[in-house]
Amino acid sequence: MMIETKLAKSLMENEEGMNHLWIQILWEESVYQKSEMQIQLPKGIYRSHNLNGYAENERKQIVLDSKDKEVMIEIFTQDAIACGEVIISVTLFSCEKSISKEIPIHLVSEDEMDMVEIDEQVVERIKELGNANFPPTSEDTNIVFIQTKVLEARNNEFSYLEKKYRVDY
């Protein structure tokens, strides 16, 4: 098993910055196994739930099967943090072994963001995931579709009464 990673942007803004991390998993065996992925972020960098819709346990680890080939994560900063290079650590735990990969990320000020390089392959994959329809990840989630009422003004013999006594809420 092996981990490959790519960042959508070569640089990330140190204050209210955002980036995407694409983690690809290359499995050696065709044996069915469950594994957990842990992502350790430096202080001041946060992440959303994975964009693939995989379950995450109470330790914020992403639960994967051997058929899962990738994980897409959105990372971001909220407050200003120090500029420089920091390390994101990704560890994949399976029954027999664990592997880790360190990803350096360069934090820069807003003025330096004009030198950023965009990885188009990562951007295209984010768009594909955004267009996919995922079922709700929780049994407590219900989707309700509400059809709006469309009122039409019609002319008939009683329309003057409707205009006279109508109350719009």
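Which residue in β7 does L21 stand opposite? Keep that one in mind, everyone, while I set the scene. This is a predicted model, and the plan today is to walk through the sheet, then the aromatic pair, then the cores.

So, the answer: L21 faces I73 in β7. That pairing belongs to a longer run, with strand β3, residues 18–26, joined to β7 by 7 bridges in the antiparallel sense. Another residue to look for is N19, whose bridge partner in β7 is I75. Now turn to β5, residues 45–47. β5 and β7 are also antiparallel, and they pair over 3 bridges. Here R47 has I75 as its bridge partner in β7. If you click on I75, then, you will find N19 as a partner and R47 as a partner.

Let's put the strands together. The open sheet has 4 strands, ordered β1-β3-β7-β5, with antiparallel pairing. β1 and β5 are its edge strands, each pairing on one side only. On average, neighbouring strands here are turned by 30 degrees against each other, if you ignore direction. As for β7, it is mostly covered, with 6 of its 8 residues buried.

On to the rings. How many aromatic pairs does the count give? It comes to 1. The partners are Y46 and F76, and the pair is tilted, with 6.1 Å centre to centre and 35 degrees between the planes. For the chemists who like cut-offs, this is called tilted because 35 degrees falls neither under 30, which would be stacked, nor over 60, which would be edge-to-face. The pair links distant parts of the chain, as Y46 sits in β5 and F76 in β7, residues 70–77, with their positions 30 residues apart.

Are these two rings' residues buried, partly exposed or exposed? Y46 is partly exposed, at a relative accessible area of 38%. F76 is partly exposed too, at 21%. Buried means under 20%, so F76 at 21% does not count as buried.

Now for the inside. As a general remark, nonpolar side chains in soluble globular proteins tend to be buried together. In this model, the largest nonpolar core has 25 residues, and M37 and L92 touch the most other members. Strands that each supply at least two residues of this core include β1 (2–7), β4 (34–40), β6 (62–65) and β8. L92 is a good place to zoom in: beyond its sequence neighbours up to four places away, its contacts include M1, I3, I25, W27, M37, L64 and I99.

Just along the chain is S94, in the loop between β8 (84–93) and β9 (98–108). Is S94 buried or exposed? S94 counts as buried, because its relative accessibility is 14%. Setting aside neighbours within four places in sequence, S94 is in contact with M1, Q33, K34 and S35. M1 is thus on the contact list of S94 and also on that of L92.

One more stop, at L129. This residue belongs to helix α1, residues 120–131, and is buried at 9% relative accessibility. The C-alpha atoms of L129 and L51 are 7.1 Å apart, although 78 residues separate them along the chain.

To come back to where we began: L21 and I73 stand opposite each other, in a sheet whose order is β1-β3-β7-β5. Thanks for listening, and over to you.

Note on methods. Residues are numbered from 1 along each chain as its sequence is written. This is a predicted model: local features need pLDDT of at least 70, side-chain atom pairs count only at pLDDT 80 or more; totals for chains, interfaces and linings use all residues. Side-chain values use heavy atoms; hydrogens and water are left out. Rings of Phe, Tyr and Trp (its six-membered ring) pair if their centres lie within 6.5 Å; planes under 30 degrees apart count as stacked, over 60 as edge-to-face and the rest as tilted. Buried means under 20% relative accessible area, exposed over 50%, partly exposed in between (1.4 Å probe, protein chains only). Two strands pair if DSSP finds at least two bridges between them. Contact means heavy atoms within 4.5 Å. A nonpolar core is a set of buried Ala, Val, Leu, Ile, Met, Phe, Trp, Tyr and Cys residues joined through side-chain atoms within 4.5 Å. Axes are lines fitted to C-alpha atoms, for helices over the stretch in contact, and angles run from 0 to 180 degrees between N-to-C directions.
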